[in-house]
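User: Please take a close look at one part of this model, the charged side chains that pair with each other. Then set that part beside whatever covalent cross-linking there is.

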Amino acid sequence: MGSYMPISIKSIIAYGCLGAVTLGTAACSPKRIPPMSVTDLMEDRVTLDGVLMKCNRNPSEARTDSGCLNARIAIERLASKKEPAEEAKRAEEFERSREKLRLAQEKQRQEQESKTQVDVYQLPLVPVEATPASQPNDTNPPIARQSNP
């Protein structure tokens, strides 16, 4: 007749060994390191160079690898940033040209004012007519404190 046990001891041992092997391989496999973000790569240029070298070795895999995509984005962002020295040079040149323009406008304004300003010493002389003095009606002016007797 057969065994009344649906699962034999041999199958239990086989399943146990299979589980142990599965756990062992899962525990021993290296952990996947997440790719660095774009800002991290922009801050760490050495790591960025390393990621780019790895991507250049295997171009077919580099198209889908997120680390390579992040490295390309970081390179583009770094290239689009203006150099601080170049930006300072442009600002200095702008200030110089602005000062030249201000001086030219100030000179033009002073010339305009000098044209419209009247020099009183250069005006023509106009004779002034004397006005006649008014004659008083009464020859003796009244005195305020005089009494009547």
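Analyst: Glu92, Glu93 and Arg96 are joined in a network of salt bridges. This is a predicted model, and every value below is computed from it. Within the network, the side chains of Glu93 and Arg96 meet at 3.2 Å, N to O. Both residues belong to helix H6, which covers residues 84–116, and they sit three residues apart, about one turn of the helix. Glu93 has a relative accessible area of 43% and is therefore partly exposed. Arg96 is also at 43% relative accessibility and counts as partly exposed.

Helix H6 carries further pairs with this spacing. Glu95 and Arg98 form a salt bridge with an N to O distance of 3.8 Å. That value falls inside the cut-off of 4 Å for a salt bridge. About one helical turn separates Glu95 from Arg98, because they are three residues apart in helix H6. With a relative accessible area of 40%, Glu95 is partly exposed, and so is Arg98, at 48%. The limit for calling a residue exposed is over 50%, so Arg98 at 48% stays in the partly exposed class.

Further along, the side chains of Glu106 and Arg109 meet in a salt bridge at 2.3 Å, N to O. Here too the partners are three residues apart in helix H6, so about one helical turn lies between Glu106 and Arg109. Glu106 is partly exposed, its relative accessible area being 28%. Arg109 counts as partly exposed at 38% relative accessibility. In the whole structure, a search finds eight salt bridges; the pairs described here are among them.

Now the covalent cross-link. The structure holds one disulfide, formed by Cys55 and Cys68 with their sulfur atoms 1.7 Å apart. The link of Cys55 and Cys68 is left-handed, with -100° about the S-S bond. Cys55 lies in helix H3 (residues 45–57) and Cys68 in helix H5 (residues 66–80), so the pair ties together parts that are 13 residues apart in sequence. A residue is buried when its relative accessible area is under 20%. Cys55, at 7%, is therefore buried, and Cys68 counts as buried at 3% relative accessibility. Another cysteine, Cys17, counts as partly exposed, at 46% relative accessibility.

Put side by side, the disulfide joins buried Cys55 to buried Cys68, whereas the salt bridge of Glu106 and Arg109 has a partly exposed residue at either end, Glu106 and Arg109.

Terms used:
Residues numbered from 1 in each chain as written. Predicted model: local features only at pLDDT ≥ 70, side-chain atom pairs only at ≥ 80, totals over all residues. Heavy atoms only, no water. Disulfide = S-S within 2.5 Å. Helix = DSSP H or I, 4+ residues; strand = E, 2+ residues; numbered from the N terminus. Buried < 20%, exposed > 50% of the residue type's maximum accessible area, 1.4 Å probe, protein only.
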